[in-house]
Number of protein chains: 2
Amino acid sequence: MSEIESVLKKHQIRPTAIRILVYKFLRKREVAVTLNDLEADFDRSERTTLYRTIKTFEKNGLVHQIDDGTGVSKYALDDKVAESGQPQDLHLHFHCDTCQETVCLTDHKIPHISLPPGFVSKDINLVIKGICDKCSNLE
Amino acid sequence: MSEIESVLKKHQIRPTAIRILVYKFLRKREVAVTLNDLEADFDRSERTTLYRTIKTFEKNGLVHQIDDGTGVSKYALDDKVAESGQPQDLHLHFHCDTCQETVCLTDHKIPHISLPPGFVSKDINLVIKGICDKCSNLE
DNA sequence: AAAAACATGCAATTGAAGTGCATTATTCCA
DNA sequence: TGGAATAATGCACTTCAATTGCATGTTTTT
């Protein structure tokens, strides 16, 4: 059994052909991908199948969904999870206004933010927009 | 001329009947509103007109758009701007999973976040999800 | 008062997300 | 093993927010 298959199985995901391909695709990309990105790379496959594939990955904690404010959902592998089995720590996302790419800054933990009395925090979404390292070097 | 009219004019917005009503509506609400909220309160008026009204307000710095991750855009008055003419400071938004309302925690400034070399920050979107003060008191 | 600029209303389009259902593939277990 | 049960896939279709085009109505300007 390949390494990829065992990663999927560890997450209770049946390693079908498409799922393995989608997983490989996510691995290959360092940036978060949209459903359209997937579709563009998988002419042979159905949008719905890709949609459900990514949703299955998400449900089983293999990817996380990113809302970067562009109005289109993006997804990225929870690499740490894939290896350790521990849920991915909260981290921030950076969206580049130039190349439109969104990346996980996995090493940048979100600082603790105190809330007014009565507010209970369960989840945090932090997206920073600007110019990414690749694009700023091109200027 | 009413106070509202002068606020609109200060922002180069012609104070038409609908615009004044929309502004009043935004004032009345302490939470961010969706287009649907507006529409529900303005049977007489057209969705498109409300849409364009809010977009005009946004373009002229009277409201800011909030993406709280629900997939529906919300809008809230830039109160400070309305008074001072200065752009609203970056602040965080809180979305309550219970009542589904989103509020601006205007007094909570977003802490400085250092980025890796090459990344330039232009804008920050920080949304915290959980239970708001009203809903946590009800438990 | 006429022309120009802007606001409004209605119809229609777009695009992402999601659902229903029939078909195909895989797993389970007698 | 073979057939029932379960899950995955493909296709069509729906939903819903966002947005645009265009005709009409209203202000503003001169």
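**Close-up 1. Polar side chains of chain B beside DNA strand C.** In this predicted model, a polar side-chain atom of B:Arg14 lies 3.1 Å from a sugar or linking oxygen of DNA strand C, which is a polar contact in the sense of a pair of N or O atoms within 3.5 Å. Phosphate oxygens of the strand are approached by polar side-chain atoms of B:Thr49, at 3.0 Å, and of B:Ser45, at 3.3 Å. Local features need pLDDT of at least 70, and side-chain atom pairs count only at pLDDT 80 or more, whereas totals for chains, interfaces and linings use all residues. Side-chain values use heavy atoms, with hydrogens and water left out.

**Close-up 2. The protein surface near DNA strand C.** There are 17 residues around the strand, and those that come nearest are A:Tyr51, B:Arg14, B:Thr16, B:Arg19 and B:Arg52; a residue is near when one of its heavy atoms lies within 4 Å. Of the strand atoms that come within 4 Å of the protein, 73% belong to sugar and phosphate. Helix H4 (47–59) of chain A, helix H2 (17–28) of chain B and helix H4 (47–59) of chain B each supply at least two residues of this surface, where helices are DSSP runs (H or I) of at least four residues. The largest share, four residues, comes from H4(A).

**Close-up 3. Cysteines without a disulfide.** The whole structure contains zero disulfides, a disulfide being a pair of cysteine sulfur atoms within 2.5 Å. The sulfur of A:Cys99 has its closest cysteine sulfur in A:Cys96, and because these are 3.7 Å apart, they are too far for a bond. For B:Cys104, the nearest cysteine sulfur, that of B:Cys132, is 14 Å away.

Note on methods: Residues numbered from 1 in each chain as written. Chains lettered and ligands numbered in written order. Polar contact = N/O pair within 3.5 Å; in protein donor to acceptor, adjacent residues only side chain to side chain.
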